[in-house]
Amino acid sequence: MIKMTQAFQKVAAIRGMNDLLPGASARWEQFEEIVRGWLRGYGYRNVRTPVLEHTRLFARGIGEVTDIVEKEMYTFTDALNGESLTMRPEMTAGIVRASIEHNMLYDRPQRVYSIGPVFRHERPQRGRYRQFHQIDVEALGFSGPDVDAELIVMLARLWKLLGLTDVRLELNSLGQPAERAAHRAALIEHLEKHRDVLDEDGQRRMYSNPLRVLDTKNPAMQEMADSAPRLFDFLGDESRAHFDGVCQRLAEAGIEYRLNPRLVRGLDYYNLTVFEWVTDRLGSQGTVCGGGRYDGLVELLGGKPAPAVGFAIGMERLLDLWEQSVQMPAPAECDVYVVHQGEEAQRLAARVGEDLRDAGLSVIVHAGPASFKSQFKRADASGARVAVILGADEVAAQAASVKYLRSDAQGETAQQQVPLAGLADVLNIKG
Ligand code: ATP
Ligand code: MG
């Protein structure tokens, strides 16, 4: 006897990686539409780089002694050729790699953005996932504080477009490598004095990356971090002038900020301006956007030296905040839902659907056998503004009955018959 196939054990999604189903996804599309318009408004152009890159790109570009590279990357060996590959944990390194590889900065600076998934092996919780999405914006080849300020002003505009009020700006300057070196010596001295309060990461990074020790979320280390020598106090004239240039422009744009000397950001490559936008409405995962200047990265990754500044928005967190702050009706699935009864009417319905789409309407033609009553239920649930009804009478009259489904749609609430030839015109008068 032939053995029956064994029942397949259901497969669930990977922990920390979320499915976006139609309702939520519609919200994302709405959001992305606003975001793309906003980016166009500042002349940013889209780039799309691979999700997989050589591991050494991130080890080099993000820094070996960082949370991301030490413990958050999805790294594996390509079984076919033995190469070490990594799912991108952020987008900047890939975008900079691409700009070098394709000589994008050869004769002009570039304003580019990318939207998509990134991967970090973290403990999943609200606002922290293993696959999440970023809007990554990079201004490559610009050195002045005007562009730093423009990026921040640009973000303030996005919050306004989204109707968000309680996001605030934290700002700091990390100076230049020489200033960091002087500060580093003083900082190591401080850390040595407080060795007893350092946790395991702190002990380990004390000499390899002391600045990062201050970036700790460990409450037991806060006092030590607060009393540490401030990098800001080690800045020279040029770094200060750059910082002042940013601050002045923010003041002119009416944007408030808090100077946070503890703000050093999770990535190694930053210099001068660093900033974060934070909110209290998302619990402990309150940072919705982080960014800053990284003038050394292009050269570090093998390119001709070029300054750069950018930011990344965490989309899940921003959408969470948006939904909390702004009441929005769920977007409709279509403008028009076509219900029909009988085989001839079904064929006619398919044709009417195509005609209405020609006229620019979005149309769902009911599929599958169902009573008028249950078709109307589906029509209602779809959020359509209007139902088009085709039955034997309508086929005979070459007409359609039209029923407005929503009280906010202008016009008749009672059913009316419209000749097919004029149907698109009647329906296109939007409510
Ligand atoms: P955090 O301190 O919260 O770990 P980060 O400094 O590691 O953040 P960035 O590398 O600056 O984060 O990434 C930019 C933005 O991406 C963050 O400000 C945040 O909004 C979002 N983000 C970072 N990690 C996650 C995650 N695991 N899940 C969801 N969003 C995230
Ligand atoms: Mg992190």
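This is a short working chat about a predicted model with a bound ligand and its strands.

User: Before we start, what are the ground rules on numbering and on this predicted model?
Analyst: Residues are numbered from 1 along each chain as its sequence is written, while chains are lettered from A and ligands numbered from 1 in the order in which they are written. Because this is a predicted model, local features need pLDDT of at least 70 and side-chain atom pairs count only at pLDDT 80 or more, whereas totals for chains, interfaces and linings use all residues, and side-chain values use heavy atoms, with hydrogens and water left out.

User: OK, how many residues surround ligand 1?
Analyst: There are 16, counting a residue if one of its heavy atoms lies within 4 Å of the ligand, and the closest are R120, E122, R128, R265 and T287.

User: Which polar contacts does it make with R128 and Y129?
Analyst: Taking a polar contact as a pair of N or O atoms within 3.5 Å (within protein, one must be able to donate a hydrogen and the other to accept it, and residues adjacent in sequence count only if both atoms are side-chain atoms), an oxygen atom of ligand 1 is 2.9 Å from an N or O atom in the side chain of R128, and a nitrogen atom of ligand 1 is 2.9 Å from a polar backbone atom of Y129.

User: And how much of ligand 1 does the protein bury?
Analyst: The protein buries 91% of the 590 Å² that ligand 1 exposes when taken alone, with accessible areas from the Shrake-Rupley method and a 1.4 Å probe, where for residues only the protein chains shown count as cover.

User: Which strand gives the most to that shell?
Analyst: That is β10, with 4 residues; strands (E, at least two residues) and helices (H or I, at least four) are DSSP runs numbered from the N terminus.

User: Switching topic, what is the strand order in the open sheet?
Analyst: The 8 strands run β1-β5-β6-β11-β10-β9-β7-β8 with mixed pairing, two strands being paired if DSSP finds at least two bridges between them. β1 (45-46) and β8 (258-259) each have a single partner strand, so one side of each is left without a neighbour in the sheet.

User: How does β1 run relative to β5, parallel or antiparallel?
Analyst: The two run parallel, joined by 2 bridges, and N46 stands opposite Y113 in β5.

User: What about β3 and β4, how do they pair?
Analyst: Strand β3 (residues 75-77) pairs with β4 in the antiparallel sense over 3 bridges, with L85 as the bridge partner of F76. In their hairpin, which has 6 residues between the strands, G82 takes a positive phi near 75°.
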